[in-house]
Amino acid sequence: MSNENRIVDNLRYCLSNYFQEFKYDEYNENAFEKWTNEDFKEILGQFCERLEESVDFADPLYLAHMVAVPTPYSLLAFYLGSLFNQNQHAYESSPATTNMELETIESICGLFEFPKGAWGHLSSGGTLANLEAAWLTRKKYKNKLKIIFASTAHISWRRICDIINVNYAVIEVNRKFQMNLECLEREIKKSQELGEHLLIVATMGTTGCGAIDPLYEICELKKKFNFSLHVDAAWGGFLKVLDNDRTLSDYAQSNLRIMKEADSITVDPHKQGYIPYGCGAVVYRDPNLRNEIMHDAPYTFILNNNLGQVTLEGSRNGGYASSCWFNFKMLPLTNEGIGRIYKRLIEQTRHLKKILEEYEFKILIEPEMNIICFYPKGEALAEINMKSEKIIHMCVIKNTRLGYPVLSKFTTDDKQFMSTMRCTINDKVLTTVRCVVSKVYWDNSEWNRICERLLEKIVSIT
Ligand SMILES: *Cc1c(COP(=O)(O)O)cnc(C)c1O
């Protein structure tokens, strides 16, 4: 059977089953003949051809970006949930998935050990989650807000400050790409003298190289200086399930454990939660913060149940909530649940590191999570950069058919780090090759084979 016919057949089967439930079968039979007429088949054929251009994220050698393959549960539930729950804005338009969203948020608040009364919601991504947290904090502190984040924070933070029109300060990082605590303390003192309320943003797994800001110490500073604290854990937040089992470094564990001290947290189910893209989340400790957003609600809603009342965004597809619900029932947000996958990904990352070092590549930082950045050795920075660029140039989608892996790039101009490099510094930036390890292989030898294939290709380039 051709691909298109198989799709039509599956669609017919799915929908007729589905509609029968709702006693629409007669209508349905006729509608189908119209639906699946010759035009439909023709366009479907074209459509399938167009999809051939898609990126195969499932390819073992795809390690470029923070895009994982969604689990079958999450895809199934996304599709089924969105059929009749198109809009989470009001409870009456999506009761089933609104309840699933509330339960999902409860599990996320539970994961971060937030106290009773904590709340939150899904969003279309981490950027929107961050934006809303910053906006609500500004409203609470009546506009006298300054936001402080490290130079390695996600690019969206500068945009967010621009959108909500607040001042910001960028803190430099140490050679491990973690927020520099001395600079932070200096900035806090300076800003507080000016009477500004501060929102400090700590990143739990930076987008560039997976570094973790020193949250434990930042929480110590919070006791002394009393600022608001947002943890941007869009990428790394779910790894909180590993905060006690010694898979991660002591540093990572103690910082994950202290996330409960944050005022708000962003975590992206569409990144390490294996939900289809379009799904972030934000949770808040303070129940009263909800009032800051509710003033703006133009309708009278029933408290709690109308998510639209407490979200910056308007309409949102209920499919994401059902996707999270199903997925996190199958893979609970616990050490033995989804944690099994993360443990394996950390092991895989460490194995990849070992092999990279065997082939004499340099590792940017000891990976705390499942991202690793590396660069070839060289006498001078410009030579290293040229080799990295050569790798990145070859390791792109269009070369997968030649057996090349797909990798990405992380560039830094961090002076501190460069001062530790044992080569002539004759360039302004360091370009590294970035791998995001998000596909799990339970079999060591299989992952080893993939790593070897990867290295073979990279070595052939340099
Ligand atoms: C990905 C990411 C974001 C932005 O999230 P989107 O879902 O892409 O909007 C913010 N912060 C960090 C640390 C991220 O990794």
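Tutor: Let's begin with a term: a polar contact is a pair of N or O atoms within 3.5 Å. Keep in mind that we are looking at a predicted model.

Student: Thanks! How far is an oxygen atom of the ligand from a polar backbone atom of G126?

Tutor: The separation is 2.7 Å, and the cut-off for a polar contact is 3.5 Å. The side chain of T207 also takes part, with an N or O atom 2.9 Å from an oxygen atom of the ligand. A nitrogen atom of the ligand has a partner too: a polar side-chain atom of D232 lies 2.7 Å away.

Student: How much of the ligand does the protein bury?

Tutor: Taken alone, the ligand exposes 380 Å², and the protein buries 88% of that.

Student: Which residues around the ligand come nearest?

Tutor: There are 13 residues around the ligand, and G126, T127, D232, D268 and K271 come nearest. By character, the shell divides into 2 nonpolar, 8 polar and 3 charged residues.

Student: Which helix gives the most to that shell?

Tutor: That is α6, with 3 residues. Both α6 (126-140) and α11 (269-272) supply at least two residues each.

Student: Now the sheets, please. What holds the strands of a sheet together?

Tutor: In general, strands pair through backbone hydrogen bonds, either parallel or antiparallel. Here, 7 strands form an open sheet with mixed pairing, in the order β1-β7-β6-β5-β4-β2-β3. At its edges stand β1 (119-123) and β3 (167-171), each with a single partner strand, so one side of each has no neighbour in the sheet. Ignoring direction, neighbouring strands of this sheet are turned by 15° against each other on average.

Student: In which sense do β5 and β6 pair?

Tutor: Strand β5 (residues 228-232) and strand β6 (residues 264-267) pair in the parallel sense, over 3 bridges. You can find V231 standing opposite I265 in β6.

Student: How many strands form the open sheet with the order β8-β9-β11-β10?

Tutor: That sheet has 4 strands, and the pairing is antiparallel. Its edges are β8 (362-363) and β10 (408-412); each has a single partner strand, so one side of each is left without a neighbour in the sheet. Between β9 (residues 371-375) and β11 (residues 430-436) there are 4 bridges. To see one pairing, look at C373, whose bridge partner in β11 is R434.

Student: Which strands does helix α14 touch?

Tutor: Helix α14 (residues 339-358) packs on the sheet and touches β8, β9 and β11, with its direction at about 10° to that of β9. Helix α15 (residues 381-394) lies across β9, β10 and β11, running at about 35° to β11.

Technical notes:
Residues are numbered from 1 along each chain as its sequence is written. This is a predicted model: local features need pLDDT of at least 70, side-chain atom pairs count only at pLDDT 80 or more; totals for chains, interfaces and linings use all residues. Side-chain values use heavy atoms; hydrogens and water are left out. Two strands pair if DSSP finds at least two bridges between them. Contact means heavy atoms within 4.5 Å. Axes are lines fitted to C-alpha atoms, for helices over the stretch in contact, and angles run from 0 to 180 degrees between N-to-C directions. A residue is near a molecule or strand if one of its heavy atoms lies within 4 Å of it. A polar contact is a pair of N or O atoms within 3.5 Å; within protein, one must be able to donate a hydrogen and the other to accept it, and residues adjacent in sequence count only if both atoms are side-chain atoms. Accessible areas come from the Shrake-Rupley method with a 1.4 Å probe; for residues, only the protein chains shown count as cover. Ala, Val, Leu, Ile, Met, Phe, Trp, Tyr, Cys and Pro count as nonpolar, Asp, Glu, Lys and Arg as charged, and the others, Gly among them, as polar.
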